[in-house]
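Trainee: Please choose one part of this structure and examine it closely. I should then be glad to see how the rest of the model is arranged around that subject.

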Amino acid sequence: MLSPSLFLASIPINAQRPEGSAWWVPTNSLLVGVIVVGLILLFTRRATSKMALVPDKPGGQNLFESIVELLYSTLEGIVGKHMIGRTFPLLATFFIFILVANWFGLLPGVGTIGFGHHEPGPGLSLDHIEMPLLRPTNADLNMTLSMALLFMVCWLYWTLTETGLLKFLDHMFGVKGGVKGVLKIILTPIFFFVGIIEIVSIMFRPVSLSLRLFGNVFAGENLMHTMSTLGETIGLGPVISTMMRIVLPIPFYFLELLIGLIQALVFTLLCAVFIQLSTTHEEGHGDEHAPAH
């Protein structure tokens, strides 16, 4: 039975779809992802449909341009002028999608409308939702891991096309600091071992990126569920429990707004730093835009 509830659903680890539905039916987290993408595209289309050098009145174009300009200048300071043109579309998309998805998960109805079994009694609302119709998309590890893997594929392509395979291998395993002669031969095994450690750390980047975002959003959703059911959990009366159910989660909504912004920034800025570390040319290699090590 599909019905609303006053409680936020307890979010399980795995994404869900209605029982007995076909394989092509989207999961509740994927459905939210599609809705978020649609909202972003709708806003972008409306904001840029009638572009003007000087807008007649404040509106969508000003907001859209402000977001793009702020993101561009911030990311350019990290990845450098030589990479911003290639990497900005993906990095900006990550930030906007993650931010909107995180905030969309706080809207009324997300996690409080879903499927469950109705207990006999007055009213149509469910006492407990077994499967929410809408689940925050970043509370699903499939989504966060997909974004992290997509970034790593693009990162590898950008790195190899910017530095070349030989320079990339030299950056990973070569002796640093311009050491020459016998000392370079002595240090070669050490730096080779350090390069292996660096390769292992690169392989773990998608894991850290995805789990950091997933863990914070997933924990936030379950925290909201815990706060909304705290009165019933500790056995308070129905009147006090109802008041706590409404009032207690409010401060945590503001906290989740801040966390949603921070996690979007962290994911995007970490991706930018990874790009900078592998594409910045060392001093003397002729790239005037890249900072010297």
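**The largest cavity and its surroundings**

Mentor: The largest cavity is lined by Asn102, Gly105, Leu106, Pro136, Asn216, Val217, Glu221, Glu256, Ile259 and Gly260. The model is a predicted one, in which local features need pLDDT of at least 70 and side-chain atom pairs pLDDT 80 or more, while totals for chains, interfaces and linings use all residues. Residues are numbered from 1 along each chain as its sequence is written, and side-chain values use heavy atoms, without hydrogens or water.

The space in this largest cavity comes to about 80 Å³. A cavity is a set of points on a 1 Å grid over the protein atoms alone where a 1.4 Å probe fits but cannot get out, and its lining residues have an atom within 4 Å of a point. The volume is the space filled by probe spheres set on the points, which are joined across faces, edges and corners. By this rule there are two cavities of 30 Å³ or more.

Two helices, H7 (205-228) and H10 (250-279), each supply at least two residues of the lining of the largest cavity. Helices (H or I, at least four residues) and strands (E, at least two) are DSSP runs numbered from the N terminus. In character, the lining of the largest cavity divides into four nonpolar, four polar and two charged residues. Here Ala, Val, Leu, Ile, Met, Phe, Trp, Tyr, Cys and Pro are nonpolar, Asp, Glu, Lys and Arg are charged, and the others, Gly among them, are polar.

The cavity belongs to a chain with ten helices and three strands. Read from the N terminus, the order of elements is β-α-α-α-β-β-α-α-α-α-α-α-α. The chain has 293 residues, of which 38% count as buried. Buried means under 20% relative accessible area, exposed over 50%, and partly exposed in between (1.4 Å probe, protein chains only).

The largest pocket offers a useful contrast in the make-up of its lining. A pocket is an open set of points with protein on both sides within 12 Å along at least five of seven lines. The volume of the largest pocket is about 630 Å³. Its lining has 27 residues, and those closest to the centre are Ile40, Ala92, Thr93, Ile96 and Phe97. Helices H1 (28-48), H2 (60-79), H3 (81-104) and H4 (141-163) each give two or more residues to the lining of this pocket. H3 makes the largest share of that lining, with twelve residues. The pocket lining holds 24 nonpolar and three polar residues, and no charged ones.

H3 and H4 are also joined by a salt bridge, that is, a side-chain nitrogen of Lys or Arg within 4 Å of a carboxyl oxygen of Asp or Glu. Arg86 pairs with Glu162, and their closest N and O atoms are 3.5 Å apart. The two residues lie in distant parts of the chain, Arg86 in H3 and Glu162 in H4, 76 residues apart. Arg86 counts as partly exposed because its relative accessibility is 32%. The C-alpha atom of Arg86 is also 8.2 Å from that of Trp158, which is 72 residues away along the chain. The whole structure has two salt bridges. In the other, Glu198 pairs with Arg205, the closest N and O atoms being 3.7 Å apart. Glu198 is partly exposed, with 31% relative accessible area, whereas Arg205 is buried at 8%.

H7, which helps to line the cavity, also contributes to a nonpolar surface patch, together with H4 and H6 (182-203). The patch covers about 870 Å² and includes Leu141, Phe192, Val207 and Leu211. Its residues have over 30% relative accessible area (Shrake-Rupley, 1.4 Å probe) and no salt bridge, with nonpolar side chains (Val, Leu, Ile, Met, Phe, Trp, Tyr) joined within 5 Å. H6 gives the most to the patch, four residues. Val207 lies in H7 and is partly exposed because its relative accessibility is 36%.

Two further residues complete the view. Thr144, in H4, is buried, with a relative accessible area of 0%. The C-alpha atoms of Thr144 and Arg212 are separated by 8.9 Å, although their positions lie 68 residues apart along the chain. Gly174 sits in the loop between H5 (165-173) and H6 and is buried, at 12% relative accessible area. The C-alpha atom of Gly174 is 7.0 Å from that of Thr188, 14 residues apart along the chain.

Conventions
Patches are made of residues with over 30% relative accessible area and no salt bridge: like charges are joined within 9 Å, nonpolar side chains (Val, Leu, Ile, Met, Phe, Trp, Tyr) within 5 Å.
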